[in-house]
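Thanks for asking me to look this one over. Here are my notes, in the order I would talk them through with you at the bench.

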Amino acid sequence: MTPGWVDVCIVSTVDAGELLGLLDDPAAQGAWQDEQAIHLYWPAQIWSPDLLASVKRAVRQLDSDGSSMPQILVQRVPHEDWNRQWAQSVKPLYVGRRIVIRPSWEQINVVPGQVEIVLDPKQAFGTGHHPTTRMLLEWMEDVVCGGESVLDVGTGSGLLAMVALRLGAARAVGIDNDPVAIECALEYAALNRFGSELSFWTASLTKEPPFDLVLANLDRRTLLELADRLAGATGGRLLISGLLTEQRQEIVETFARADLYPRRQREREGWLAMEFSRAQSCEDA
């Protein structure tokens, strides 16, 4: 008999990619995320109270307020049901005015003007469902005019870099310190038939040549740590996401010391995305 699976459903808006990265468990065999919950899957034969405790610790560390433990539901599902649920749960996602992200098993009619990315969710997330990702995708429709060089810091699945190219950027580089993420991003790049205009590297942000557009969908601590290096890589504008609205002032003050100033911002479901540039904004920072 084929062993079943354990479906761990976490009712929370924490980012699935950050959660899997914090767990760092290669035994996690699949996952998907919608706006209200994350589903993680382990083979039933290895599931244990220790694994559940690890999930709870990671969720508590990432949860936005930390005042209470989000609801976690654990259930066993047969192998065939898991496969069916996996395929049925991931549907084409329409973002903004033009962007369509779909799994390979869902065919759609792409209308003129739309840009399409084929992405089958794996351990490296960035499927576009989380508000932090959606805000950047929608923003990119307005700021990518054509011919830009783009750096995607903490690229994950490579989604932002790939969408930038579909929107007209000339060159995109994605970096991530997680080799699993880069392996997945390279697979997605091949699946979407990108060539030398797109590159992915397992690396931290060090000394990068200035890019016209730098994208950084990261957590607060990482953004604070990388402020100077993001400033060094930014030749035009910087779009950041992954922040809670109450973290704005700390970010503004830290980035100001790196000679970057806020121009615009977007908010959704308590999350914040911001645009920075070297020119002082007329708006009050």
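1. Let me begin with the nonpolar cores of this predicted model. The largest one has 39 residues, and those with the most contacts inside it are Ile101, Leu137, Met140, Val163 and Leu198. Helix α5, residues 159-166, gives the most to this core, with 7 residues.

2. Met140 is a good residue to click on next. Leaving aside residues up to four places away in sequence, Met140 touches Leu160, Val163, Ala164, Leu167 and Leu215. In soluble globular proteins, nonpolar side chains tend to be buried together.

3. There is also a second, separate core, made of 27 residues. Its members include Leu224, Leu226, Phe255 and Phe276.

4. Which residues of helix α8 are buried? In this helix, which spans residues 248-257, they are Arg248, Ile251, Val252, Thr254 and Phe255. An α-helix has 3.6 residues a turn, so residues three or four places apart point the same way. The cover over the buried residues of α8 includes α7 (220-233), β12 (234-244), β13 (261-268) and β14 (271-277). Just after α8, have a look at Asp259, which takes a positive phi of about 70°.

5. Finally, the chain as a whole. It comes to 8 helices and 14 strands, and 52% of its 285 residues count as buried. Among contacts between residues at least 6 apart in sequence, 64% join residues at least 24 apart. The chain exposes about 13,100 Å², with carbon and sulfur atoms supplying 49% of that area.

Definitions and conventions. Residues numbered from 1 in each chain as written. Predicted model: local features only at pLDDT ≥ 70, side-chain atom pairs only at ≥ 80, totals over all residues. Heavy atoms only, no water. Helix = DSSP H or I, 4+ residues; strand = E, 2+ residues; numbered from the N terminus. Buried < 20%, exposed > 50% of the residue type's maximum accessible area, 1.4 Å probe, protein only. Contact = heavy atoms within 4.5 Å. Areas by Shrake-Rupley, 256 points an atom, 1.4 Å probe, with all protein chains shown as cover. Core = buried A, V, L, I, M, F, W, Y, C linked by side-chain atoms within 4.5 Å.
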